[in-house]
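Got your viewer open? Load the model and keep the selection box handy, and we'll walk through it one stop at a time.

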Amino acid sequence: MLRFLVRRIIGAVVILFLLSIVTFVLFFGVPRDPALMMCGKTCNPDAIANIHHVLGLDKPITEQYWIFLHNLVMGSNQFAQGPCPAPCFGYSYHTNEQVWATLMDRLPTTVSLTLGAAVCFLFVGLGTGLLAAWRRGTLIDKAATAGAMVISSLQIYFLGPLALAILVYQTHWFDKPDYTDFTHDPVSWFTGLIIPWVILSTIFAAQYTRMARSSMIEQLQEEHVRTARAKGMSRAYVFFRYAWRGSLIPIVTIFGIDLGSLFGGAIITEYTFGLPGLGNLAVQSVFFSDLPLLLGVMLFSASMILLFNIIVDAAYAFIDPRVRLS
Amino acid sequence: MSRGGRHVYSALSVLAAGALVLTGCSKGGSDTGTNDKKDQQDAKRQQASIKFGGTADSTGPAAPVPGAKSGGAMEVLQRDSYAHLDPGQIYVSDEGSLATLLHRGLTGYKTTSNDGHQHEVVGDLATDSGTTADGGKTWKYTLKDGIKFQDGTPITSKDIRWSIERLFAPFINQGPTYVQQWLADTSGATYRNLLKDGPYKGKHLPNSVLETPDDKTIVFHFKKSHPDLPYALAMAGYAVVSQKGDTKERYDKNPVVTGPYKIQSFKSGKSMVLVKNPNWDPKTDPIRHQYVDQFNITFNQQFETSTKSLLADSGADQAGISFNNQVDAGNLSQVLHDPKMKARTVSGYQPYVGQMNINMSHPAMKDKTVREAIAYALPITPFVRAYGGNDAMEVAGGLISPTVSGYDAAFDPWGKKKNPGGDPAKAKALLQKAGKLNMKLTFGYINTPEGQQYSTAMAAGLKKAGFDVQRQEIPAETYYDQVSKLNNNYDIFHTAWGADWPSASTVLPPLYDGRVIADGAQNYSQVNDPKINSEIDRINTITDPVKSAAEWEKLDQYIVKDVVNVVPTAYYKQVQIAGSKVGGLVYDDVIGGVDPRRLYIK
Amino acid sequence: MTTLTKEAGAPTPAGTGPLLSVRDLHVSFKTEDGVVRAVDGLSFDLERGRTLGIVGESGSGKSVTNLTVLGLHNPMFTTVEGEILLDGRELTTARESELERLRGNKVAMIFQDPLTALSPYYTVGRQIAEPYMKHTGASKKQAWERAVEMLGKVGIPNPKERAKDYPHQFSGGMRQRAMIAMALVCDPDLLIADEPTTALDVTVQAQILDLLKDLQQEFGSGIIFITHDLGVIADMADDIMVMYAGGAVERGSTDEVLRAPRHPYTWGLLNSMPRLDSDLGAPLSPIPGAPPSLLNPPSGCRFHPRCGFQERVEGTGRCVRERPLLAPDRASACHLTEEQKRTIFIEEIKPRLG
Amino acid sequence: MTSPIDIEGGGTSVVVDGEPGPEAKSEAVKLEGRSPGQLMWLRFKRDRTGVISAYVVGFFFLIALLAPLIAKLYGKNPYTVYADERPELFDSAGVPVHPNGGISSEFWFGLEPGNGYDVFTKLIYGIRTSLMISVAVTIAVVITGILLGVAAGYLGGRTDYFLGRVIDFLLAFPAQLFFIASMPVVVSLFVSPRDETPTYVRVVALIIVQWFLGWMGLGRILRGTALALREREFIEAARVSGASSWRIIRKEILPNVVTPLLVQATYLLPGFVTAEAGLSFLGVGIVEPTPDWGQMFSKASTELVMQNDITYMFFPGVSMIIFVVAFNLLGDSVRDAFDPKTAR
């Protein structure tokens, strides 16, 4: 187990390292200049050169990258804005905030959105999927299958604005979604996130319904499940003990991938509902050519994906005794 | 929020709004056609001419706001967190509004009416708005007695000197540069060479430039006449910084203030609490009040959110306001049509004027008939439409905004106020006369949703007049950089410009003086007209601000009507709302929003 | 819950009739391509303590028949007609709960591939203990002890420890032994072994077969042994039924069927078997053609498209027109006369078999 | 010693049929004499859902193909600014004054809030743009998937290891974030920021960006298939007989990966359509005035629409739902036709 973790974490770090290089290169490929945006009203070449110097953009790109890596691991006291403890991504060009602090500041929104939605879509999605598999071929199954098919084809950028238009703008039944810290006001936290939760989890639930159903049906055709039936075990027992156990592998895999990418910022969802999470931060960093922020979000999102990959692989060992972590 | 863009920075606000809140700046609102009355009312609103006050005008305390009471805490809902608190870095409107409570400079604007439309420039820290004996080359200021920083140390001329000198340091890169350039007698950023590292390495400006003969006196020496210095020094960017308390870059988060309020706490991106500054003496201040005990500012309040909270008018929000948030486009028509709600709103112009520049450096544009054809053909409706309709934009006649001294509401040379859709028939006739039918016209537009929308429709309108329009997109964040390049490809492109102080001297000279044409300068249309140039020089020496305002307006009409290097498009408007317990609610034309200094709780 | 005593499960004149009696069984599936008649009019009996071998190619309906006995077919897509009597009790119409009580208890099954037939997620011991708990009401501990005991009985060394292992930790032969232990844990009356040795290598095969024979001695169960391996069947079975395209074509004692087969298909089967003592150069002669589609089976005798003896049948085209019936007891479903069958086998087939 | 067969004595046991398998699942055998392609076609034709879906999908492609013709017959184009042409139909913010988004006998699907484009022509041209991009991405992904997947699977060894790591690396990318971050870069590779960005540049950029992070899934599947095929006897035989790797891949492997390829491609395409629309929705894809499905969603989510009249929303929304559902159903049918065993 330990060896597995160490090996996987080393692998993840290598990938993150490569990713940071790609992002760096990508950023310098953009023909935009952050200095132009910080330059103010009386912008001219001297002022731009000056900003370049202050930001360290006049150094060669390799040196800039090296400084970035060094700061990330060691922290830095070199920033004009103040000290920057490790993990130091530096200060945002645009807001002058510490990038790590900004990420941590936005994280609760994304975590609230993701966890709330995940709870909903797991229960609803898997529940419906299991029911459909259990009642395979009946009207319930057909309705659930058809419903899931249509709903999972919906897009958040259609369903989201539609819900906003109807529930917020036209009827005024709900407030526009917004994030309030849970510790600050749990009620506002809940009411502010309810629409994004419902919309996000509706689409995901439909996908999980389809997945749970087909995976259960596949498992129910496994020979060992037939053996269990031949032993005289009841249908429910076989369904929930034997088939379910086998279905867990694909479900956990997809769930891990989904959680990883959602934790890294549900870009379209947050953008649609104007939630101040990591996804919106990402969009913002791109539009402002805010390299420190962009690198921060990119690496954070990728870390989430990799983290959940590792968690999923570790989970396999608990689900399936055949899997040995090494 | 600033629509359009005063400069690069504001263009970004638009972009930020687009990125942060999907709908933040994307208009909406269905005016039902009954708003004409309101528009006429607005047309009457305009800045009366501003004069420079003497010692008597500059003596505190400020005349009390009628009905004002002391005490209470006011909730302030703001969208953007303050990025800069260091006066030297303050330029944009959000921080400018806040600065009226925190920072004091040598001069300031005193409102002489209770409606926010009449102002005069008076001495703030100084005893008067400045004295000059040589037509604006040498300006002398004397500090008042009893003025202190928040820590109790008295403000001396050394601090003023320090405040000016530090603006030459490299880390100060966001604020205004007028005074620095005047002192160095140069344009662009070369002024920094005068004092490369600011005062931080022990060097100072020579006495021939900035002189402090004693603790109370400051003398500015300019090579040329600059009668606008009292205006310039009233900008937050020239407010005083404590020499002792200067922490360079870190000052930006924690400044030593001089105004009636000081910062109790500031959690960037979350909240800020302002409390009374005991070391502020009302007797020294002719401008500000200190009615409210405490301002509780919360950030990340989008326009919809703040509007909704203030409309709901319950709990703490009854004493709630936003310094800078507008009523969001979605709620605008509802608010304006409900008299009860409308009573809690104030509305006014932002200082920006939108204008379509015609690139005079392109040979094809040198033909005045062609330019006239463009002026006739250009539809303004797409622009108004893209930014939210008549509630948010008003079709412009001239280049001087209603908030600026000297505005003439009757001026409308191309009939845009009557017929904002343009006059393609007339334009086509002109074009035919010039023999340029189907000439190519390259239209550079800002690549934002709004820019995409209005440029497409404007291009369609110009096509009807017989132009072969080629649209070229320009990335939003480098838009102003691109269009201010001398050899750009664009025949026409839209910019917006806001006055830095309510005089056309910050509008016409930077935009139309043919001698400042340079890469990155703001003479976007690259016009170099001898009459404009000589008029600028002439008016710049007029020391009476009222007289000069009238002359600027004449120059404005000459540019728009006779030179035709630019077509004015629209004045930017906004509506703000406050809770029912907020008193002293006034839209201040100079601040370009609610005046925070006059607020009290009923 | 019923007990496992044999008397209690036999309300009809107990012990007199056959243990299992299948009468005119028809099983068909609905598939996307049409209706597949997997079993088409099959009848046979199995006495207690005896072993019936069922031989046939893939698709001949052997496995389907036996899954149907246990009621393990998917009721949504399957139609079952005819009778299956276990100890006189009708199974085709039995309720699911009743079938559940029988499965693993009175009737147990051993599957072909023990790797896929055992759940990878649970220990071998648990999987053996589960049906015991269910059918006897034993406690978890008792059931576990029983599982260990059974593992010992089927020859797993150190059963106490190995019961805690997962199937993938067992070797192929051991897995099949565990499978057998699982099947026998409740002393079933009827054991259906569906190609239990096909997936094993030859040495292990023999061990498993020996084990099964020993256990049959001990438990006295009736066994249905499905295979397509004639060698195995010769070793195991008392009686043989040869199936082709969903029906039985020949039936008789092992000796009779293997020594004097009477159906052209059986001849073909024997013919296609390699022999150690035959000439190296002598070619094997597989049955020509491919097994028929059960979606659209051939008319008349199902075997006629592949049969080389049609023209010897009296009456032209009789094989095509008329389906030959299988008489009870020793019989074969072919239109050839008994005399023809005997002479053809002795004169034409046997010499080739060597 | 095993299975002493008493009749003949000493014969080894024999397996009658080569591949033992569950009998119930051998329908394929019964449709003898037909090629797998014909079988697939037969099965597909019998699947009514699949056939209807195929018609719907075909209908969309037909619309896309014939958009200019339809617009011509209808007499409008998606670029006319009706807000200025017919100002009486709009208020000053560009919202159609007539109810239901300005639907009338003249404007069948109403008018777009803002500049007032004709929604009907905008939608059909939008579908045209989106489908064109997605089809191109699919083709690019399929080709890459074949090249890299088959190469990794067939060549194995170092190539396989290297490509495997590349795939791992690319899969760790936050895809959406990468898309929005790289769109401006890719656009800038084609034009200098000073020049006009023609629509085709944005289209090409969208194709490249989506292709870059789109091929890994297919690549992995094809690698698996090729890996399995490599061990099969007929490949072994071809190799022993001295055929070159290229020849083996071309003649033996490629024909055998067509099945998974076709199934996967059917699933990929609607995914690319929705992803492309997502990018345009975020404002980094196709922009006004070029009609595009995603750009319509972006317009539909402005306050102008949400606050006033939501009719406009339904045209891109409903048409996309129909398209995606039909395509997914088609994908299921294609898969089932190839591989009837898979549970549904």
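Here is the tour, chain by chain and contact by contact.

This is a predicted model, so treat what follows accordingly: local features need pLDDT of at least 70, side-chain atom pairs count only at pLDDT 80 or more, and totals for chains, interfaces and linings use all residues. Residues are numbered from 1 along each chain as its sequence is written, while chains are lettered from A and ligands numbered from 1 in the order in which they are written.

**Stop 1: a helix pair in chain A**

Select residues 278-287 and 291-319 of chain A, which are helices α12 and α13. Helices here are DSSP runs of H or I with at least four residues, strands are runs of E with at least two, and both are numbered from the N terminus. The two helices pack at about 140°, their axes 9 Å apart. Axes are lines fitted to C-alpha atoms, for helices over the stretch in contact, and angles run from 0 to 180 degrees between N-to-C directions. α12(A) and α13(A) are therefore oblique to each other; under 35 degrees counts as roughly parallel, over 145 as roughly antiparallel, 65 to 115 as roughly perpendicular and the rest as oblique.

Now show side chains. From α12(A), Leu278(A), Leu281(A), Ala282(A), Ser285(A) and Val286(A) meet Leu293(A), Leu294(A), Val297(A) and Phe300(A) of α13(A). Contact means that C-beta atoms, placed from the backbone, lie within 7 Å. This set splits into eight nonpolar, one polar and no charged. (Ala, Val, Leu, Ile, Met, Phe, Trp, Tyr, Cys and Pro count as nonpolar, Asp, Glu, Lys and Arg as charged, and the others, Gly among them, as polar.)

**Stop 2: where chain D touches chain A**

Bring up chain D beside chain A. The contact takes 33 residues from chain D and 40 residues from chain A. On the chain D side, α8 (175-190) gives the most, with eight residues. That side divides into 23 nonpolar, nine polar and one charged.

Zoom in on helix α7 (residues 156-170) of chain A against α15(D), packed at about 140° with axes 10 Å apart. That makes α7(A) oblique to α15(D). Here Phe158(A), Pro161(A), Leu162(A) and Ala165(A) meet Met313(D), Gly317(D) and Met320(D). Count them by type and you get six nonpolar, one polar and no charged.

**Stop 3: a covered strand in chain C**

Select 222-227 of chain C, strand β8: six of its six residues are buried. Buried means 20 or more other C-beta atoms within 10 Å of the residue's own, exposed means 12 or fewer, and partly exposed is in between, with C-beta atoms placed from the backbone. Gly222(C), Ile224(C) and Ile226(C) point one way, while Ile223(C), Phe225(C) and Thr227(C) point the other.

Which residues stand opposite Phe225(C)? Gly53(C) does, and Ala193(C) is a bridge partner of Phe225(C) too. Strand β3 (residues 51-55) of chain C runs parallel to β8(C) with five bridges, and so does strand β7 (residues 190-194) of chain C.

**Stop 4: chain B**

Find Asp391(B), in the loop between α11 (381-386) and β14 (393-395). With 28 C-beta neighbours inside 10 Å, Asp391(B) counts as buried. Add Tyr572(B): the two are 181 residues apart in sequence and 9.3 Å apart in space, C-alpha to C-alpha.

Terms used. Contact = placed C-beta atoms within 7 Å. Pairing = 2+ DSSP bridges.
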